[in-house]
Number of protein chains: 2
Amino acid sequence: MDAREIEIDSNLLQARIETLGKIGRREDNGLYRLVYTPEWAEAVDLVEGWLQQESLRTWRDAAGNLWGRLEGTEAGPVVATGSHIDTVPRGGAYDGALGVHAGLAAIRALAKTFGQPRRSIDLLVVCDEEGSRFRSDFLGSAAVAGSFAEDLGLLRDADGVSAAEAMRAAGLEPARFGEARRDDIAAWLELHIEQGGTLESEGLDAGVVHTITGHRIVRVTVEGRQDHAGTTPMDVRRDAMAGAAEMIQQAIGVAESLGRPAVCTAGWIEVRPGAANVVPGVVRFTLDMREADPLRLAELSGGVDLALGNVARRRELQVATEDLMFRRPVPLDADLQALLARHAEALGLRWRSMPSMAGHDSEVMAPRWPSGMVFVPSHDGRSHTPEEYTPIEQVLPGVRVLAAALWELAYP
Amino acid sequence: MDAREIEIDSNLLQARIETLGKIGRREDNGLYRLVYTPEWAEAVDLVEGWLQQESLRTWRDAAGNLWGRLEGTEAGPVVATGSHIDTVPRGGAYDGALGVHAGLAAIRALAKTFGQPRRSIDLLVVCDEEGSRFRSDFLGSAAVAGSFAEDLGLLRDADGVSAAEAMRAAGLEPARFGEARRDDIAAWLELHIEQGGTLESEGLDAGVVHTITGHRIVRVTVEGRQDHAGTTPMDVRRDAMAGAAEMIQQAIGVAESLGRPAVCTAGWIEVRPGAANVVPGVVRFTLDMREADPLRLAELSGGVDLALGNVARRRELQVATEDLMFRRPVPLDADLQALLARHAEALGLRWRSMPSMAGHDSEVMAPRWPSGMVFVPSHDGRSHTPEEYTPIEQVLPGVRVLAAALWELAYP
């Protein structure tokens, strides 16, 4: 098989990106396709129609994921691909959706060029990856992997609606959620936008992901003593903000000195009482730390904890950290990495091996079955915004790699 | 005259502190006596009754200040004392009110001991110093000094009521505001709690204020670029929070290295968009800088500006500062300082010369006529809280100094 023979209909792909990119669009130009909402359901219905146009057999699972199958000649484990169709609030048309478009375009091309595969190829349209409505990250893929551990009755959206209630409103029965689990997936491949600017800045066509980053988020509470901002000399203050500023600077410094891909972000901060002329008594802030290598993640995390304690001791402050998230780095399957790399080479692409510094459905799939990811460039590294964009000519190379890899897994 | 002969009725003084300390008290135990409110009016009525009990002739001026006069034998300029009766929201019984109590106790004692003075002694009960309702700091004393420059129709409280409307509701005519100006004050003396812990920690009875601090408040806006907290490497970020944290640390460092009494406080901060997993695009924070010496204030202020610019340049951020307040240091009258100091010595007090690091009515009075201030200790340095407190035995020495100084200015 010469992967260059696989013909992707780029006009159709572009048209479908644009059509789906209108579903859930609001006046601020952003997409709002939060799981189990009417906009989300409209998008799933639209895509199901496309799957049926391509002669895939479709069904919805108990979690609300949409599946479409290109039937193989043999029974047994299937090859699966896809990504998620939900968006963050005010999201864009590429994050998640492009993996659905790419999978469908690849399956369409394989069927047209090579006919029926030996193994069935399943396209998975994940219902909820962002978790924006219920803080239920990876709900859809975790349902498939059988690893969803939250109580659907307790997860609630901003209006107090539980995930279980929302499922019922969308025609799903939460008690049957566990039935979404699959045990017959031989391999999982996902195409996604990079969401960063590395591929674009390095002039590359594609990335083959080796690891999905480890990720720790802590909420730090610094307690000092509220005082008058004029009459309390600096040398007797226990200024929570003075401490927090040093802590943030040092935490960021730990990531800066570790170097790529380590990152540390203080994205949220709150000061009490919050008046210009009062020395703050309490400051709370978050630190989001990520690193793909487990040892370096431990170094980043430990270095930050050490800095927090040192600053607190020196300034006579109390500091407490509450872990909001901890995910260890998830390595992707080495054989699938080699497979994707081989086809990228065969296609004459400029590509690199790289970590994913954002979370993806693939990190939930990887512990259950061999999983691989292909990145395509993100223009200006933007994502989670209506401006996220990848020109079609930068989408196609990744789709070709995906199609070639699906061929190798499903046809011979 | 031997100041030790002046007998202050400490039981009456204590009782009046407690009685006035109940007016405007809410369930949170704090006092809410914002200018022109019913609670404020109740407090002014109560104090006017006390003034009349002490045979002072009372009147209200056009701004709503209450005056009481111990008539002198001669016409001509008067000696005035007092402080403000309004409180911050959830304030205490000492900030401001103690200067009214002290002035009344001193005048009462002088009249009882020495009879009628040569010069009239006026007690001023300032209607609004905190400015908590209308952001109208020093409204009452500025009316007396003739320096109030705001438009009463434009100043509005949180409910949208203008100061002019509030005055009318309190029975005052805003068009006549200018009539509150006095041109016949020979000297002004004010007793106030220190609002800091210096006197208490040094075991002193009183402070004689040499300068009321200079004061600059700026709102700093740091603009960087909003980015994904995972996929944007540290070395290409323009993280507004990373910059703000360094700026705050360095600004505080400038004050720390200048040493007492320089202070710098970052009391308020806001980050946009404010999500744990998004690199902040914009951070805003305030810096409150104070220093009593004009050259050192310039050094503090300039050092901070320099640090902001340096951090912004290095991190490729935009920084803008908006000045919310600038007040130059106000030196108090040297002769009155010497007078107060002489009587503190004569009374055998442990006292010191010190700056005031908070603002006071005296800074508005000082440009118009010789003005002096006496500080008494604040327990734990607390103020602007229901917990502010000075035990009566730490109030009395300051009242005796005030009485002796009033005697010297008004009697011989």
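**Salt bridges and the interface of a two-chain model**

The side chains of A:Arg156 and A:Glu165 form a salt bridge, with 4.0 Å from N to O; a salt bridge here is a side-chain nitrogen of Lys or Arg within 4 Å of a carboxyl oxygen of Asp or Glu. A:Glu165 has a relative accessible area of 38% and is partly exposed, and A:Arg156, at 45%, is also partly exposed. In this usage, buried means under 20% relative accessible area, exposed over 50%, and partly exposed in between (1.4 Å probe, protein chains only).

This is a predicted model, in which local features need pLDDT of at least 70 and side-chain atom pairs count only at pLDDT 80 or more, whereas totals for chains, interfaces and linings use all residues. Residues are numbered from 1 along each chain as its sequence is written, chains are lettered from A and ligands numbered from 1 in the order in which they are written, and side-chain values use heavy atoms, with hydrogens and water left out.

Over all chains, the count comes to 67 salt bridges. In chain B, the side chains of B:Arg342 and B:Glu408 meet at 2.5 Å, N to O, in one of these. The pair links distant parts of the chain, 66 residues apart: B:Arg342 lies in helix α9 (residues 334–346) and B:Glu408 in helix α11 (residues 392–410) of chain B. Helices (H or I, at least four residues) and strands (E, at least two) are DSSP runs, numbered from the N terminus.

The two chains are related by symmetry. A turn of 180° with a shift of 0.1 Å along the axis lays chain A on chain B with an RMSD of 0.1 Å, the copies being superposed by least squares on the C-alpha atoms of residues with pLDDT of at least 70 in both. That is the relation of a two-fold axis. The C-alpha of A:Ala245 is the one in chain A nearest the axis, 2.3 Å from it.

At the interface, 48 residues of chain A are in contact with 49 residues of chain B, where contact means heavy atoms within 4.5 Å. The area buried between the chains is about 4000 Å², of which carbon and sulfur atoms give 58%; buried area is the accessible area (1.4 Å probe) that two parts lose on being put together, summed over both. A:Thr231, A:Met234 and A:Ala276 supply 15% of the area that chain A buries against chain B, more than any other three residues. Four salt bridges are counted between the chains. B:Asp235 and A:Arg260 meet through their side chains in a salt bridge of 2.8 Å, N to O.
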